[in-house]
Amino acid sequence: MADFDSVLKCWGPVEADFNTYGGLVLTRLFKEHPETQAFFPRFANIPQGSLAGNAEVAAHGAVVLKKLGEFLKAKGSHETILKPLANSHANKHKIPIKNFHLIADVVIKIMAEKAGLDAAGQQSLKVIFNIVIGDMEAQYNILGFKG
């Protein structure tokens with residue numbers, strides 16, 4: 001519970017501007033891990049130099065961060081949030097579990113750089129991501145997806 005509270009203290013700026021933060025997250029993800037861009041068909045052909053400021057990239061990044069906000073506010077009681085997300089990402093999008101670790105690292109960096117998440121908050125967010133991603137992987141296994 002304390003980990004969630006630690007992160008939620010810095011969540012306000014993100015929640016106030018999901019599009020900006022979302023654009024930053026996906027742009028950084030695609031820059032640091034270009035192979036991940038192929039998992040987003042709408043963005044697969046956007047040149048690296050055109051990602052920053054792209055409205056569609058920012059809008060999808062906002063969707064990602066809104067979902068993260070739901071997980072944070074659920075404070076560990078996230079089964080009803082996780083199951084449909086795991087189902088769509090396993091069966092429809094075919095997203096490997098390692099990609100969740102990659103985006104988690106990027107979110108932590110952006111939160112530290114732009115939202116004032118201190119070292120303790122960064123550690124808390126790592127703990128939260130490890131729990132959520134572990135639960136996502138367990139759901140992938142139930143679904144028979146070896147992503």
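# A guided tour, starting from Lys94

Start by selecting Lys94: setting aside residues up to four places away in sequence, its contacts are Phe39, His89 and Phe145. Bear in mind as you look around that this is a predicted model. Lys94 sits in the loop that runs between H5 and H6. Is Lys94 buried or exposed? Neither label fits: its relative accessibility is 44%, so Lys94 counts as partly exposed. Its backbone deserves a look too, since Lys94 is not a glycine and yet has a positive phi of about 60°. Now add Asn141 to the selection and draw a line from C-alpha to C-alpha: Lys94 and Asn141 are 13 Å apart in space, with their positions 47 residues apart in sequence.

**Another lysine in a loop**

Next, select Lys75, which you will find in the loop between H4 and H5. Lys75 is another residue other than glycine with a positive phi, here near 50°. Its relative accessible area is 29%, so Lys75 is partly exposed.

**Along helix H6**

Now colour residues 97–114, which make up helix H6. Try the distance tool on its two end C-alpha atoms: they are 26 Å apart. That agrees with the expected span, because 18 residues at 1.5 Å a residue should also give 26 Å.

Show the side chains of the buried residues of H6, which are Ile97, Asn99, Phe100, Leu102, Ile103, Ala104, Val106, Val107, Ile108, Ile110 and Met111. What do these buried residues pack against? Their partners are helix H2 (12–16), H3, H4, H5 and H7, so colour these helices separately if you can.

Pause at Asn99, which belongs to H6. Asn99 has a relative accessible area of 9%, so it is buried; the cut-off for that label is under 20%. Beyond residues up to four places away in sequence, Asn99 touches Thr36 and Phe39. You have met Phe39 already, as one of the contacts of Lys94. Then follow the chain past the end of H6 to Gly116, where phi is positive, near 75°.

**Aromatic pairs**

Show the aromatic rings next. How many aromatic pairs does a search of the whole structure find? The search finds six. One of them is Phe40 with Phe43, a stacked pair whose centres are 6.0 Å apart, with 25° between the planes. Phe40 and Phe43 are both buried. Add Phe30 to the view, and you have a cluster of Phe30, Phe40 and Phe43 linked by ring pairs.

For another geometry, select Phe100 and Tyr140: their ring centres are 6.3 Å apart and their planes stand at 75°, so this pair is edge-to-face. The pair joins distant parts of the chain, with Phe100 in helix H6 and Tyr140 in helix H7, 40 residues apart. Phe100 has 14% relative accessibility and therefore counts as buried. Tyr140, with 2% relative accessibility, counts as buried as well.

**The largest pocket**

Keep Phe100 selected and switch on a surface or pocket display. The largest pocket holds about 710 Å³ of space. Its lining has 27 residues, and those closest to the pocket centre are Phe40, His60, Val64, His89 and Phe100. So three stops of the tour come together here: Phe40 from the stacked pair, Phe100 from the edge-to-face pair, and His89 from the contacts of Lys94.

Which helices supply at least two residues each of this lining? They are helix H4 (55–74), helix H5 (79–92), H6 and helix H7 (119–143). H4 provides the largest share, with seven residues. If you colour the lining by residue type, you should see 20 nonpolar, five polar and two charged residues.

**The second largest pocket**

For the last stop, move to the second largest pocket, with about 160 Å³ of space. It is lined by 14 residues, of which Gly23, Leu24, Thr27, Arg28 and Ala52 are closest to its centre. Helix H3 (18–32), H4 and H6 each supply at least two residues of this lining. H3 contributes the most, with five residues. Colour this lining by type as before, and it divides into six nonpolar, four polar and four charged residues.

Definitions and conventions. Residues numbered from 1 in each chain as written. Predicted model: local features only at pLDDT ≥ 70, side-chain atom pairs only at ≥ 80, totals over all residues. Heavy atoms only, no water. Helix = DSSP H or I, 4+ residues; strand = E, 2+ residues; numbered from the N terminus. Buried < 20%, exposed > 50% of the residue type's maximum accessible area, 1.4 Å probe, protein only. Contact = heavy atoms within 4.5 Å. 1 Å grid on protein atoms, 1.4 Å probe; cavity = no way out; pocket = protein on both sides within 12 Å on 5 of 7 lines; lining within 4 Å. Points joined across faces, edges and corners; volume = space filled by probe spheres on them. Nonpolar A, V, L, I, M, F, W, Y, C, P; charged D, E, K, R; others polar. Expected span 1.5 Å × (residues − 1). Phe/Tyr/Trp six-rings, centres within 6.5 Å; stacked < 30°, edge-to-face > 60°.
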